[in-house]
Protein chains: 2
Amino acid sequence: MKSAVILLSGGVDSTTCLAIAKSLGFDLYAMSFSYGQRHHAELVSAQRVAAAFSVAEHRVVTIDLAAFGGSSLTADMEVPKNRSSIGHGSAIPNTYVPARNTIFLSFALGWAEVLMCRDIFIGVNALDYSGYPDCRPEFIRAFEIMANLATKAQVEGNRLTIHTPLINMTKAQIIARGADLDVDFSLTHSCYDPDATGAACGECDSCIIRKKGFEKSGVPDATRYANGG
Amino acid sequence: MKSAVILLSGGVDSTTCLAIAKSLGFDLYAMSFSYGQRHHAELVSAQRVAAAFSVAEHRVVTIDLAAFGGSSLTADMEVPKNRSSIGHGSAIPNTYVPARNTIFLSFALGWAEVLMCRDIFIGVNALDYSGYPDCRPEFIRAFEIMANLATKAQVEGNRLTIHTPLINMTKAQIIARGADLDVDFSLTHSCYDPDATGAACGECDSCIIRKKGFEKSGVPDATRYANGG
């Protein structure tokens, strides 16, 4: 059985990405990060999702991105709420974490090399992506080229592929695809600013994108909102 | 004053690289990693070097590369000694750490973005490099291209450069250049397998390359060896 490393945040996208990797017959090695997020609801979701998919292994790597500061997700800054313009053409919001996907993919690369596996999956999405540069196809292709020059495995002839099955899908399409693959979205978490019980705020970029995605997909939204939705 | 992030391991190469960045007029932001190395002699050296150069800031980032296993530098494997063939054309030794430079450069990228600086220095060396794929010029160029697609700073037009001033130098040339810049090499550490007092083994690849470098450069070697050299 082929094995693959899948970056798993516990959100809608990475969970659907995990389901797609499973549907392609890969043995699943899920990797999550504890990176100084202001809340741990997403790691709890990642663990639930990993268990639901009976992954071969789930590693949670602790790294200190908060040491950089520079993002409202890791530093003491306000998460923006009820923004009218999200995504293409709008400013990059302060929820952007410097070099996050570069760092996450670099760790996935190291683990993939040790596992002797040639496939990494990441649930990035260039359409409803909140404007992050490291979610764009040109970034992913450049990372793949770099990765294939970086490792002993590559020097020895094993080409590595970074799979981005969601990159050209809308959030509604992702949710529909996940539903087709029997993903239980009630296990997933998207909110940047949940309350103490883990309920979603309903107002941050991530909540707004998720909510619209469920509406457009026609899949029932089991998200628990702090204000009832 | 322009600022630069410099990856500093505390060895001969990264210390000379720091001295070169200083000679070019950069304000120095040194970054080191505590990555599950079997010994901490190199971090102690990095701190001494950073202090000697009066860097603006020295960050030591803790990351868990040992979680991957796969290298004698982080896992419970024997460090190879007295190898007759080192470098070009020989097998990659087990001191190779999966994706190490990729991960280190990714953290440097994140810090550079927060500092709004456009220059990263890394003391990689393609000649006496022990055969690691992530020390080659083609890897560095691919990383630079990827980095310039990864970050908000780049999207906003600030091009990032990865400087590798040592990449085409022999170890003897590096030592001679460092000596010209008044580097105190007694502060540096190279050995993969020092004794409890931090004295170098004199037999691992890193010791052998360092020893030969000092011999060929004509610079006196102040290294403290466990067996007297």
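## A walk from the sheet to the two-fold axis

Start by selecting helix 2 (residues 41–52) of chain B: this helix lies across strand 2 (27–34) and strand 3 of chain B, and runs at about 170 degrees to strand 2 of chain B. Before moving on, keep in mind that this is a predicted model, in which local features need pLDDT of at least 70 and side-chain atom pairs count only at pLDDT 80 or more, while totals for chains, interfaces and linings use all residues. Residues are numbered from 1 along each chain as its sequence is written, and chains are lettered from A and ligands numbered from 1 in the order in which they are written.

A few terms for the road: helices (H or I, at least four residues) and strands (E, at least two) are DSSP runs numbered from the N terminus. Axes are lines fitted to C-alpha atoms, for helices over the stretch in contact, with angles from 0 to 180 degrees between N-to-C directions. Contact means C-beta atoms, placed from the backbone, within 7 Å.

**The sheet.** Now show the strands of chain B. Five of them make an open, parallel sheet in the order 3-2-1-4-5, where pairing takes at least two DSSP bridges. At the edges, pairing on one side only, are strand 3 (57–62) and strand 5 (161–163) of chain B. From one strand to the next, the twist averages 25 degrees.

Zoom in on strand 1 (residues 3–7) and strand 4 (residues 119–121) of chain B, which are joined in the parallel sense over two bridges. Here Ile6(B) stands opposite Phe121(B) of strand 4. Next, add helix 3 (residues 100–115) of chain B, which packs on the sheet and touches strand 1, strand 2, strand 3 and strand 4 of chain B.

**Across the interface.** Select helix 4 (residues 137–150) in both chains. The two helices pack at about 160 degrees with axes 8 Å apart, which makes them roughly antiparallel (an angle over 145 degrees). Residues in this contact include Phe139(A), Met146(A), Phe139(B) and Met146(B). By class, the contact has 14 nonpolar residues, no polar and two charged (nonpolar: Ala, Val, Leu, Ile, Met, Phe, Trp, Tyr, Cys and Pro; charged: Asp, Glu, Lys and Arg; polar: the others, Gly among them).

**The axis.** Finally, view both chains together. A rotation of 180 degrees with 0.0 Å of shift along its axis superposes chain B on chain A, RMSD 0.0 Å (least squares on C-alpha atoms of residues with pLDDT of at least 70 in both). The copies are thus related as by a two-fold rotation axis. Stop at Ile63(B), whose C-alpha comes closest to that axis among the residues of chain B, at 2.8 Å.

Terms used
Two residues are in contact if their C-beta atoms, placed from the backbone, lie within 7 Å. Angles under 35 degrees count as roughly parallel, over 145 as roughly antiparallel, 65 to 115 as roughly perpendicular and the rest as oblique.
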